[in-house]
Amino acid sequence: MTDAIISAPHIVAERRTKTRIWILGMILFLSTVAYADRSILSISGSGIKDQFQLTTVQLGYILSAFSWAYVIGQIPGGLILDYFGTKKVYLITLVLWSLSTFVLGFVGEFVSGAAGAVAVIFTLRFVLGFVEAPSFPANARVTVMWFPKSERGRASSLFASAQYFAVGIFSPLAGWLVSQFGWPWPFFVLGTIGFAAAIAWIYFMHEPREHPSVSQAELDYIIEGGALVDVDSIKERKAKSRLSGAVVKSLLANRMLWCAYVGQYCTIALSYFFITWFPIYLVQARGMDILHAGFATIAPSLFGFLGGISGGIVSDWLIKRGWSVSWARKTPYIVGMFVASTLVLSAVTDSNIAVVALMSLAFYGKGVAAGAGTWAIICDTAPKEAVGLAGSIFNCIGNIAGIVTPIVFGYIAASSGYSTGLYFVGAHCIVAALIFLFVMGKVERVGATNRAEPETRAKPPGHS
């Protein structure tokens with residue numbers, strides 16, 4: 001008994017804690033808040049449009065402001081993140097983006113007239129996009145720091161699903177706030193949540209070696225699994241080798257990679273239609289009140305999340321069944337985007353229930369496509385010497401859709417109606433599916449000289 005008592009403290013000390021799971025929960029929550037900040041304008045958009053007498057085109061420019069800055073801030077944000085470290089940069093950007101969200105709620109107090117409202121709201125949304133740019137690279141750094149390789153994929157896919165949580169959770173909340181208190185209140189509430197999250201980040205986020213809740217057993221486990229636990233503790237980081245011209249050329253001149261870039265652009269076009277114009281479409285064109293429009297986003301969000309999970313599962317299952325990596329990645333993407341194109345049927349139905357059902361089906365398809373054929377393909381194909389740079393180019397080109405889609409949809413809706421705008425969005429699905437089917441070719445890793453690694457898995461019968 002004495003021996004058992006003596007050894008008990010050792011047993012407790014060596015028990016493997018689950019601190020990394022709490023860290024993942026935090027970055028999932030922060031990612032959800034970030035996506036909610038992006039999408040919340042679509043819920044308040046009708047109220048803003050009415051108060052300031054904005055045109056549909058002016059509202060389209062406001063809805064695009066975030067993406068202009070988000071694209072511009074990608075590379076600078078990554079460089080700042082690498083230089084100053086994850087905890088400090090994430091904290092500063094979280095406070096700044098929460099401040100820009102909170103202040104937007106006061107626009108009606110000191111601005112009158114359409115021109116002034118457009119200028120101020122566009123500026124605040126631009127600031128939001130620029131300071132949010134490092135957030136997802138920061139999430140990736142936290143994942144690399146805290147998770148072994150065997151758990152990294154699941155962790156990444158979970159925080160990447162934040163867009164669906166954000167729309168599904170915050171859109172109904174925002175719809176209720178607007179209906180009860182007016183359009184500024186979602187900005188006040190989200191800004192306050194952001195400030196509270198910043199305080200939690202200060203106290204809870206630490207490097208693995210410094211975290212007070214981590215046991216030695218958990219630390220040993222993540223280190224042995226390949227986690228880079230010291231990635232933020234190195235003050236003087238060694239300069240990385242310079243990229244050769246051949247590598248950069250392979251990123252910008254390779255047909256297969258450009259098909260992947262275009263595919264990402266098309267899937268993000270659907271995402272930005274959903275988080276910008278879809279609730280406004282329900283109010284302006286379908287006659288819903290803002291409360292019901294907010295709740296109507298829940299089903300498409302849920303189905304999009306389920307589609308994202310399904311796409312990855314199906315793609316992995318096809319590989320296990322002996323399909324080539326090319327067709328295991330491309331087939332779910334092609335089928336998913338064709339399914340997503342069914343959203344155009346909303347233009348020819350009079351039933352709001354049918355509209356929500358069609359959008360749910362479409363975003364399930366879009367989720368399948370994104371889960372199997374966007375980031376997974378860029379990881380499969382990027383040159384080994386430049387996976388990070390390839391990801392930056394991929395994300396920058398893809399997020400240009402966040403600029404173009406809100407503006408073009410606004411022009412189309414103003415000139416030809418919302419139904420015509422749906423055809424514009426649906427066309428992205430068809431174009432992307434056809435490009436993957438007929439233009440992309442084999443999915444294979446590109447080398448520095450544009451040579452590819454051979455694909456070792458067998459192809460399914462009938463595929464070349």
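How far apart are the end C-alpha atoms of helix α8 (residues 135-146), and what span should its twelve residues have at 1.5 Å a residue?

**Figure 1. Helix α8 in the predicted model.** The end C-alpha atoms of α8 are 16 Å apart. Its twelve residues should span 16 Å at 1.5 Å a residue, so the two values agree. The helix is mostly covered, with nine of its twelve residues buried. Those buried residues start with S135, F136, A138 and N139. R141, V142 and T143 are also buried, as are M145 and W146.

**Figure 2. The whole protein, for orientation.** The fold has 22 helices and zero strands. Of its 464 residues, 53% are buried. The exposed surface comes to about 20100 Å². Carbon and sulfur atoms supply 67% of that surface. Take the contacts with a sequence separation of 6 or more: 82% of them join residues 24 or more positions apart.

**Figure 3. An aromatic pair between helices α5 and α11.** The structure holds 25 aromatic pairs. One of them joins Y90 and W201 in a tilted arrangement, 4.8 Å centre to centre with 45° between the planes. The pair links distant parts of the chain. Y90 sits in helix α5 (residues 86-104), W201 in helix α11 (residues 185-204), and 111 residues separate them. Are these two rings buried or exposed? Y90 has a relative accessibility of 1%, so Y90 counts as buried. W201 is buried too, with a relative accessible area of 0%.

**Figure 4. An aromatic pair within helix α14.** W258 and Y261 pair edge-to-face. Their centres lie 5.2 Å apart, with 75° between the planes. Both residues belong to helix α14 (residues 255-284). They are three residues apart, about one turn of the helix. Their cover is unlike: W258 is partly exposed at 35% relative accessible area, whereas Y261 is buried at 0%.

**Figure 5. A cluster of aromatic rings.** Ring pairs join eight side chains here: F273, F274, W277, F278, Y281, F363, F409 and Y418. F273, F274, W277, F278 and Y281 fall within the span of α14 (residues 255-284). Within the cluster, F363 falls in the span of α18 (352-373). Y418 is at the start of α22 (residues 418-438).

**Figure 6. Around W327.** S324 lies in the loop between α16 (298-320) and α17. S324 is buried, with a relative accessible area of 0%. Its side chain reaches the backbone nitrogen of W327 at 3.2 Å. What lies over the face of W327? K330 does, at 4.4 Å from the ring centre. W327 is also in contact with L437.

**Figure 7. L437 beside helix α17.** L437 is found in helix α22 (residues 418-438). L437 is partly exposed, with a relative accessible area of 32%. Leaving aside neighbours within four places in sequence, L437 is in contact with W327 and I334. The C-alpha atoms of L437 and T331 are separated by 8.2 Å. Along the chain, those two residues are 106 residues apart.

**Figure 8. T349 in the loop between α17 and α18.** T349 lies between α17 (325-340) and α18 (352-373). Why does T349 count as buried? Its relative accessibility is 18%, and the cut-off for buried is under 20%. A polar atom of the T349 side chain lies 3.3 Å from the backbone nitrogen of S351. Not counting residues up to four places away in sequence, T349 touches R286, A354, V355 and L358.

**Figure 9. Two residues with positive phi.** Q53 has a positive phi of about 55° although it is not a glycine. Most residues other than glycine have a negative phi. Q53 lies in the loop between α2 (19-52) and α3 (56-72). Q53 is exposed, with a relative accessible area of 62%. G226 also takes a positive phi, of about 105°. G226 comes just after α12. In helix α12 (residues 216-224), A217, E218, L219 and I222 are buried.

Terms used. Residues numbered from 1 in each chain as written. Predicted model: local features only at pLDDT ≥ 70, side-chain atom pairs only at ≥ 80, totals over all residues. Heavy atoms only, no water. Helix = DSSP H or I, 4+ residues; strand = E, 2+ residues; numbered from the N terminus. Buried < 20%, exposed > 50% of the residue type's maximum accessible area, 1.4 Å probe, protein only. Polar contact = N/O pair within 3.5 Å; in protein donor to acceptor, adjacent residues only side chain to side chain. Contact = heavy atoms within 4.5 Å. Areas by Shrake-Rupley, 256 points an atom, 1.4 Å probe, with all protein chains shown as cover. Expected span 1.5 Å × (residues − 1). Phe/Tyr/Trp six-rings, centres within 6.5 Å; stacked < 30°, edge-to-face > 60°. Lys NZ or Arg CZ within 6 Å of the ring centre and 35° of its normal.
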